[in-house]
Amino acid sequence: MTNELDIFVGNTTLIDEDVYRLWLDGYSVSDAVARRVRSGILEQTGATAAVLQSDTMDHYRTFHMLERLLHAPPKLLHQLIFQIPPSRQALLIERYYAFDEAFVREVLGKKLSKGTKKDLDDISTKTGITLKSCRRQFDNFKRVFKVVEEMRGSLVDNIQQHFLLSDRLSRDYAAIVFFANNRFETGKKKLQYLSFGDFAFCAELMIQNWTLGAVGEAPTNPDSQVDDMDVDLDKEFLQDLKELKVLVADKDLLDLHKSLVCTALRGKLSVFSEMEANFKPPASGAEDRTPRIPAPQNLSRGLVNVAAKLIHNKDVRDLFVDLIEKFVEPCRSDHWPLNDVRLFLNQYSASVHSLDGFRHQTLWDRYMGTLRGCLLRLYHD
């Protein structure tokens, strides 16, 4: 009797998404096998424990070999060793560069250096994310930062081009790079309620409006090299912001600005009396006499003073702390609903255009357009 045997031979590299997730999460082969057993895979497939062990080890070997290509994703597309369909290549790349929000919140704004990497053991313990996964995520942040920090042009586009990430993930990495470069403080207790998404939203606004790339400026000195157009804040813009102090230093402008805002919002805010009382600065020296007593700051002065201080690196780093202290906390203490905050900021920003004696309209719009968006995102009523 003749036995017939059908054989199929192929060279497509098989990727098990569940095993890939376990590998990315930093589990050892034995831990991954145990988790697969608990998922019921042996009952579903009829395989033995030995076969499952061998299958898991085989996948892990493949992922280890692929990892060097994932460090430079375009290489994965052009290599010929692994035959992987384009959709699977995209999945491998996207998931390799994905990150845990709990982890990114711990390192956001910190220097991506060996010093920070030494803290990964503590971060792993605090977040419950395996140390191996923490290292992969940190190394990804550092790798992307090093590749794009010196590039001219759109930060998001550069990340997409060199790492082949989705638009959303590229924007998230742009925020991480931007925060690491400018070293914004994100770890203080009063900022802990803010998510990575909150900071990423603000980063995108600042990249669009406060960097050299935001206005397509070229360096005034032809010998200077400005390659990181979307990474660095526009120093000239920050220097010019001190001109906005005239809004609170000139009593006539301050009174007219207050009158315009109050007239437009009378009857529209549930906290109108609090807003009106908080608009004008206290008597000269009053704040200095009680520097340690928490009290609602004058809103207009607070917003303008944040702008005027951004010429100093420390104040740039403390931007979000200042926004919380000078605007969010005073409004919270008076129980402002979010909609009242939105109405106030919209009118506060727009009314400046009716001040005939104010000559910095474009500068004001560039500053307040971004600040308004950030404050509304930071304000959780």
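**Notebook: buried spots, loops and one helix pair**

Ser 170 counts as buried, because its relative accessibility is 0% and the cut-off for buried is under 20%. I am working on a predicted model, and this was my first look-up.

**Entry: Ser 170**

I asked where Ser 170 sits along the chain. I found Ser 170 in helix 12. Next I listed its contacts, leaving out residues up to four places away in sequence. Ser 170 touches Val 156, Ile 159, Gln 160 and Leu 165.

Then I checked the loop leading into helix 12. Leu 164 is in the loop between helix 11 (155–163) and helix 12. Its phi is near 60 degrees, a positive value, and Leu 164 is not glycine. Is Leu 164 buried or exposed? It is partly exposed, because 31% relative accessibility falls between the cut-offs of 20% and 50%.

I looked past the other end of helix 12 as well. Arg 183 lies in the loop between helix 12 and helix 13 (196–209). Arg 183 also carries a positive phi, about 60 degrees, without being a glycine. At 37% relative accessibility, Arg 183 counts as partly exposed.

**Entry: whole protein**

I stepped back for the totals. The protein has 24 helices and 0 strands. It holds 381 residues, and 44% of them are buried. I took contacts between residues at least 6 apart in sequence and asked what share joins residues at least 24 apart. The share is 68%. The exposed surface comes to about 19600 Å². Carbon and sulfur atoms supply 51% of that surface.

**Entry: the core**

In soluble globular proteins, nonpolar side chains tend to be buried together. I went looking for the nonpolar core here. The largest one has 111 residues. Which members touch the most others? They are Met 275, Phe 327, Phe 344 and Tyr 367. Helix 12 (residues 167–182) gives this core its largest share, 9 residues.

I picked Phe 344 for a closer look. Its contacts, apart from neighbours within four places in sequence, are Val 261, Leu 265, Met 275, Phe 279, Leu 299, Phe 327 and Trp 336.

**Entry: a helix pair**

Two packed helices are described by the angle between their axes and the distance between the axes. I looked up both values for helix 22 (residues 319–333) and helix 24 (residues 361–378). Their axes come within 11 Å and cross at roughly 60 degrees. Phe 320, Leu 323, Ile 324, Phe 327, Val 328 and Arg 332 make the contact from helix 22. From helix 24, Leu 371, Leu 375 and Leu 378 take part. I noted the hand of the crossing too: helix 22 passes helix 24 right-handed.

**Entry: Cys and disulfides**

I searched the whole structure for disulfides and found 0. Two cysteines went into the notes. Cys 134 is buried, because its relative accessibility of 0% is under 20%. Cys 331 is buried as well, at 1% relative accessible area.

**Entry: Phe 138**

Phe 138 is in helix 10 (residues 131–148). It is buried, with a relative accessible area of 0%. What surrounds Phe 138, beyond neighbours within four places in sequence? The list reads Phe 103, Leu 112, Ser 113, Thr 116, Lys 117 and Leu 120. I checked Leu 112 by C-alpha distance. Phe 138 and Leu 112 are 7.7 Å apart in space and 26 residues apart in sequence.

**Entry: two loop residues**

I took Asp 230 next. It is in the loop between helix 14 (212–215) and helix 15 (235–240). Is Asp 230 buried or exposed? It is buried, because its relative accessible area of 11% is under the 20% cut-off. Setting aside neighbours within four places, I listed its contacts as Gly 153, Ser 154, Leu 155, Phe 178, Ile 207, Thr 211, Gly 213 and Ala 214. Its C-alpha is 8.9 Å from that of Trp 210, with the two positions 20 residues apart along the chain counted as separation.

I closed with Tyr 27, which lies in the loop between helix 1 (17–24) and helix 2 (29–38). Tyr 27 touches Leu 22, Ala 32, Arg 35, Tyr 60 and Thr 130, not counting residues up to four places away. Thr 130 is 103 residues from Tyr 27 along the chain. Their C-alpha atoms are separated by 7.6 Å.

Conventions
Residues numbered from 1 in each chain as written. Predicted model: local features only at pLDDT ≥ 70, side-chain atom pairs only at ≥ 80, totals over all residues. Heavy atoms only, no water. Helix = DSSP H or I, 4+ residues; strand = E, 2+ residues; numbered from the N terminus. Buried < 20%, exposed > 50% of the residue type's maximum accessible area, 1.4 Å probe, protein only. Contact = heavy atoms within 4.5 Å. Areas by Shrake-Rupley, 256 points an atom, 1.4 Å probe, with all protein chains shown as cover. Core = buried A, V, L, I, M, F, W, Y, C linked by side-chain atoms within 4.5 Å. Disulfide = S-S within 2.5 Å. Axes fitted to C-alpha atoms, helices over the stretch in contact; angles between N-to-C directions. Left-handed = near helix turned anticlockwise from the far one by under 90°.
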